[in-house]
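Please open the model in your viewer and keep the sequence panel beside it. This tour moves from one selection to the next and says what to look for at each stop.

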Amino acid sequence: MFKSLFIFIVIFIVSIQNISAQENSVGEITWIEGTVKIEYPAKSPEDAKIGSVIFFNATLSTSENSKAVVRLTDGTILSIAPKTKILIESLIKSSDKREASVLTFVGKVRAVVKKQVNVKSKFEFKSKTAIAGVRGTHL
């Protein structure tokens with residue numbers, strides 16, 4: 001009896017932690033070719049895998065001959081080219097507003113931004129020398 005109760009409690013706690021982690025995520029990696037790294041402040045880089053959950057302040061790096069596709073929680077698809085390094089600075093989504101910011105250090109990123117109906121939307125790509133705002137649905 002106690003053993004069954006203990007196992008149930010452990011499974012319940014693990015499930016709650018997984019749900020909580022996914023609620024704080026900004027997206028997940030849906031496709032990878034080659035070597036892709038995910039790095040967070042004060043942590044060492046880790047290899048990305050299909051299904052890896054991405055959180056705020058994630059730096060994604062692709063090596064030579066490597067590519068990745070990230071699906072953000074607002075439906076935006078980011079296609080990351082080889083030899084690219086980006087930082088997902090922010091993604092705020094509510095019923096009446098969406099704001100996102102991606103900083104590109106080097107390389108190329110293609111974004112297919114899902115159109116939001118009746119929502120004030122601001123999606124920016126930044127680099128050292130410019131800021132590009134998405135007005136349509138492709139950048």
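## Starting at Thr59

Begin by selecting Thr59 in this predicted model and displaying its surroundings: leaving aside residues up to four places away in sequence, Thr59 touches Lys37, Ile38, Glu39, Lys85, Ile86, Leu87 and Phe105. Thr59 lies in strand 5, and with a relative accessible area of 13% it falls under the 20% limit, so it counts as buried. Among these contacts, Leu87 in strand 8 is also the bridge partner of Thr59.

Keep Lys85 and Phe105 on screen for a moment, since these two contacts of Thr59 also have an arrangement of their own: the charged end of Lys85 sits over the ring of Phe105, at 5.5 Å from the ring centre.

## Widening the view to the whole chain

Now colour the chain by secondary structure, which shows one helix and 12 strands, with the helix coming before the strands as one reads along the sequence. The chain has 139 residues, and 32% of them are buried. Its accessible surface comes to about 9100 Å², with 57% of that belonging to carbon and sulfur atoms. If you display contacts between residues at least 6 apart in sequence, 44% of them join residues that are at least 24 apart.

Next, colour by confidence before trusting any detail. The mean pLDDT of the chain is 81, and 77% of the residues reach 70 or more. Where is confidence lowest, and where is it highest? The lowest mean, 53, is found in helix 1 (residues 2-23), whereas the highest, 95, is found in strand 2 (residues 36-39). Within residues 16-22 the pLDDT is below 50, and this stretch has one contact in the model beyond its near neighbours in sequence.

## The seven-stranded sheet

Select the strands in the order 3-2-5-8-9-11-12, and you will have an open sheet of seven strands with mixed pairing. Strand 3 (46-47) and strand 12 (131-133) are at the edges of this sheet, and because each has a single partner strand, one side of each is left without a neighbour in the sheet.

Moving inward, look at strand 2 beside strand 5, which pair in the antiparallel sense over four bridges; here Lys37 has Ser61 in strand 5 as its bridge partner. Strand 5 (residues 58-62) also pairs with strand 8 (residues 85-93), again in the antiparallel sense and over four bridges.

From strand 8, step across to strand 9 (residues 97-106), where eight bridges join the two antiparallel strands. To find one of these positions, select Ile92, whose bridge partner in strand 9 is Glu99. The link between strand 8 and strand 9 is a hairpin, which passes through three residues.

## Strands 1, 6 and 7

Now select strand 1 (residues 25-33) together with strand 6 (residues 67-72), which run antiparallel and are joined by six bridges. Ile32 gives a convenient landmark, as it stands opposite Ala68 in strand 6.

Strand 6 also pairs with strand 7 (residues 77-80), in the antiparallel sense and over four bridges, and Val69 can be found opposite Ser79 in strand 7. These two strands form a hairpin with four residues between them, and in its turn Gly75 has a positive phi of about 95°.

## Two aromatic pairs

For the last stop, display the aromatic side chains, where the structure holds two aromatic pairs. In one of them, the rings of Tyr40 and Phe55 have centres 6.4 Å apart and planes at 55°, so this pair is tilted. The two residues are 15 apart in sequence and link distant parts of the chain, with Tyr40 in the loop between strand 2 and strand 3 and Phe55 in strand 4 (residues 53-55). Are Tyr40 and Phe55 buried or exposed? Tyr40 is buried, at a relative accessible area of 14%, while Phe55, at 27% relative accessibility, counts as partly exposed.

Then move to Phe123 and Phe125, which form a tilted aromatic pair with 5.5 Å from centre to centre and 35° between the planes. Both Phe123 and Phe125 are buried.

Key:
Residues numbered from 1 in each chain as written. Predicted model: local features only at pLDDT ≥ 70, side-chain atom pairs only at ≥ 80, totals over all residues. Heavy atoms only, no water. pLDDT = per-residue confidence, 0-100. Contact = heavy atoms within 4.5 Å. Pairing = 2+ DSSP bridges. Buried < 20%, exposed > 50% of the residue type's maximum accessible area, 1.4 Å probe, protein only. Areas by Shrake-Rupley, 256 points an atom, 1.4 Å probe, with all protein chains shown as cover. Phe/Tyr/Trp six-rings, centres within 6.5 Å; stacked < 30°, edge-to-face > 60°. Lys NZ or Arg CZ within 6 Å of the ring centre and 35° of its normal.
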